[in-house]
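Student: Could you take me through one part of this model up close? I'd like to hear what sits around the position that the database record flags.

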Amino acid sequence: MNKKDITILLVDDEPDILEIVGYNLTAEGYNVLTAENGVEAVKIAKKKKPHLIILDVMMPEMDGIEACEQIRKVPDLQNTIITFLTARGEDYSQVAGFDAGADDYITKPIRPKVLISKVKALLRRLKEDDSSDNVVKIGNLVINRDEYKIIKDKKEIILPRKEFELLSLLASKPGKVFKREDILDKVWGNEVIVGGRTIDVHIRKLREKIGDNSFKTIKGVGYKFVV
């Protein structure tokens, strides 16, 4: 998908944010729409069906959390990627955002180049969602789901089944934060009763084998795979 075919909805009640961020996204080649509050954002999202929504939390009329909940109720917007703009230290906003259906968050203030990189990482999920290929290539890492095989830097890494399934899940959408309860459900299911520490132990083992920088802990929420 070409950049000019990708629509991004930018929602913030600060004109400076809309202007600066909007300018940088447009200069990168994306089709950018803007809204100044949650009510306006929901209306535009329903009409234009953007691929990505960058949503501020604190806004008049309808805040970002409620707007996200409203957007997620629209069937045509179920696969739209939603990321929140949050100020540093707003842990509550981040957790509430994930609960409302957000995929990720971007911390303000953020440099334009870093923002563009973040947006590109988020938009990679569009390709991944459209692909049914069971061989996933991410940087120097190759995950073969059919053969339960991991190749890193052209060397095969042997992983126990649960470690493989956990890596496969997180790497299926780089940058997406997976909640602990979702990880438990998708990797362990109803097989056994396990606690949150089980995930932590498996993540620690994956960090030792794949690389510490490939996994990021989101405090109070879960984990994500970082490219």
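Tutor: Let's start with what Asp56 touches: leaving aside its neighbours within four places in sequence, Asp56 is in contact with Val11, Asp12, Asp13, Gly64, Phe84, Leu85 and Lys108. Keep in mind that this is a predicted model. Asp56 belongs to strand 3, which covers residues 52–56. With a relative accessible area of 5%, under the 20% cut-off, Asp56 counts as buried. As for the flag, an unreviewed UniProt entry lists Asp56 under "modified residue: 4-aspartylphosphate".

Now follow one of those partners, Val11, because it leads on to another buried residue: Asn37, at 9% relative accessibility, also has Val11 among its contacts. Asn37 sits in the loop between strand 2 (31–35) and helix 2 (38–48). Again leaving aside neighbours within four places in sequence, the other residues in contact with Asn37 are Met59, Pro60, Glu61 and Met62. With Glu61 there's a side-chain to side-chain polar contact of 3.4 Å. The side chain of Asn37 also has a polar atom 3.1 Å from the backbone nitrogen of Val39.

For a bit of context further along the chain, there's an open sheet of 4 strands in the order 6-7-8-9, with antiparallel pairing. Its edge strands are strand 6 (135–138) and strand 9 (155–157), each pairing on one side only. On average, neighbouring strands here are turned by 20 degrees against each other, direction ignored. Strand 8 (residues 149–152) pairs with strand 9 over 3 bridges, and Ile150 stands opposite Ile157 in strand 9. Lying across strands 6, 7 and 8 is helix 6 (residues 161–171), which runs at about 115 degrees to strand 7 (141–144).

Methods: Residues numbered from 1 in each chain as written. Predicted model: local features only at pLDDT ≥ 70, side-chain atom pairs only at ≥ 80, totals over all residues. Heavy atoms only, no water. UniProt positions renumbered as here; feature names shortened; annotations may be inferred. Helix = DSSP H or I, 4+ residues; strand = E, 2+ residues; numbered from the N terminus. Buried < 20%, exposed > 50% of the residue type's maximum accessible area, 1.4 Å probe, protein only. Contact = heavy atoms within 4.5 Å. Polar contact = N/O pair within 3.5 Å; in protein donor to acceptor, adjacent residues only side chain to side chain. Pairing = 2+ DSSP bridges. Axes fitted to C-alpha atoms, helices over the stretch in contact; angles between N-to-C directions.
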